Amino acid sequence: GNSGGPLLNLAGQVVGINTLVAGQAEPGVSAQGIGFAISINAAKPIADQLVATGHAMHVYLGIIYVTLNPAIAQQLGTNAQNGDVIEQVVPGSPANQAGLRTRDIITAVDGTKIVSESTLAQVLSHTKVGDKVELSVLRGTQQVTVTVTLGTQPSQ
């Protein structure tokens with residue numbers, strides 16, 4: 001289907017919303033038939049918000065982070081093997097108000113260990129504005145717990 005159209009399963013049920021079709025895998029290499037879609041499970045809550053309020057609100061933590069890897073761990077002098085390293089805390093953000101700092105390593109969110117680059121985003125995708133999340137944070141050699149009340153993603 002075309003961008004914005006429904007993605008259907010064989011039973012005719014809507015399972016997603018088509019977003020785009022790749023024309024090339026790389027210059028000169030055709031990518032015919034490769035399409036991308038948003039899952040209906042991700043789209044439905046947003047659609048419900050749009051109907052109810054006229055706009056969608058997305059949760060906001062207020063950090064820029066990278067996934068911990070061996071090179072970054074060595075730079076930080078940590079033995080941690082998994083987590084997300086905070087590169088920047090946005091001033092005035094929920095993360096800033098909760099006391100998160102640059103170089104903190106988030107090792108878990110609401111008890112879910114950070115095991116991949118998408119763990120934090122996946123857990124946050126099941127929350128809403130105003131929810132509190134508990135972050136397990138490695139700060140230097142100390143493990144601390146930080147509770148953050150999620151805010152609303154600011155307009156760009």
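User: Before we look at single residues, what does "exposed" mean, as opposed to "buried"?

Analyst: Exposed means over 50% relative accessible area, buried means under 20%, and partly exposed lies in between. Lys-128, at 55% relative accessibility, therefore counts as exposed. Keep in mind that this is a predicted model.

User: What is the average pLDDT of the chain, and where is confidence lowest and highest?

Analyst: The chain averages a pLDDT of 90, and 96% of the residues score at least 70. Confidence is lowest in S3, with a mean of 78, and highest in H3, at 98.

User: Let us turn to the interior. Which residues have the most contacts inside the largest nonpolar core?

Analyst: In soluble globular proteins, nonpolar side chains tend to be buried together. Here the largest nonpolar core has 19 residues, and those with the most contacts inside it are Leu-61, Ile-63, Leu-100, Ile-106, Leu-120 and Leu-135. At least two residues of this core come from each of strand S6 (84-89), strand S7 (105-109), helix H4 (119-124), strand S9 (132-139) and strand S10 (142-149). Apart from it lies another core, of 7 residues, including Leu-68, Ala-73, Ala-80 and Leu-138.

User: Which residues does Leu-61 touch, leaving out those up to four places away in sequence?

Analyst: With those left out, Leu-61 touches Ser-93, Pro-94, Ala-95, Leu-120, Leu-124, Val-148 and Leu-150.

User: Now the surface. Which residues make the nonpolar surface patch?

Analyst: Leu-20, Ile-34 and Phe-36 make a nonpolar surface patch of about 270 Å². A residue needs over 30% relative accessible area to join a patch. Ile-34 has a relative accessible area of 41% and is partly exposed. Ile-34 belongs to strand S3 (residues 29-39), and S3 is where confidence is lowest.

User: Next, charged pairs. How many salt bridges does the structure hold?

Analyst: The structure holds 3 salt bridges. To call one, look for a side-chain nitrogen of Lys or Arg within 4 Å of a carboxyl oxygen of Asp or Glu. Lys-44 and Asp-48 meet this way, at 2.9 Å from N to O. Both lie in helix H1 (residues 40-53), 4 residues apart, which is about one turn of the helix. Lys-44 is partly exposed at 47% relative accessibility, and Asp-48 is partly exposed at 39%.

User: Are Asp-104 and Arg-139 buried or exposed?

Analyst: Asp-104 and Arg-139 are both buried. Asp-104 forms a salt bridge with Arg-139, and their closest N and O atoms are 2.8 Å apart. This pair links distant parts of the chain, 35 residues apart: Asp-104 is in the loop between helix H3 (94-98) and S7, and Arg-139 is in strand S9.

User: What is the distance between the closest N and O atoms of Lys-128 and Asp-131?

Analyst: The closest N and O atoms of Lys-128 and Asp-131 are 3.7 Å apart, and the two residues form a salt bridge. Lys-128 is exposed, whereas Asp-131 is partly exposed, with a relative accessible area of 22%.

User: Last, the backbone. What is the phi of Arg-103, and what is that of Asp-110?

Analyst: Arg-103 has a positive phi of about 80 degrees although it is not a glycine. Arg-103 is in the loop between H3 and S7. Asp-110 is not a glycine either, and its phi is positive, near 50 degrees. Asp-110 sits in the loop between S7 and strand S8 (112-113) and is partly exposed, with a relative accessible area of 41%.

Terms used
Residues are numbered from 1 along each chain as its sequence is written. Side-chain values use heavy atoms; hydrogens and water are left out. Patches are made of residues with over 30% relative accessible area and no salt bridge: like charges are joined within 9 Å, nonpolar side chains (Val, Leu, Ile, Met, Phe, Trp, Tyr) within 5 Å. Accessible areas come from the Shrake-Rupley method with a 1.4 Å probe; for residues, only the protein chains shown count as cover. Buried means under 20% relative accessible area, exposed over 50%, partly exposed in between (1.4 Å probe, protein chains only). A nonpolar core is a set of buried Ala, Val, Leu, Ile, Met, Phe, Trp, Tyr and Cys residues joined through side-chain atoms within 4.5 Å. Contact means heavy atoms within 4.5 Å. pLDDT is the predictor's confidence in each residue, from 0 to 100.
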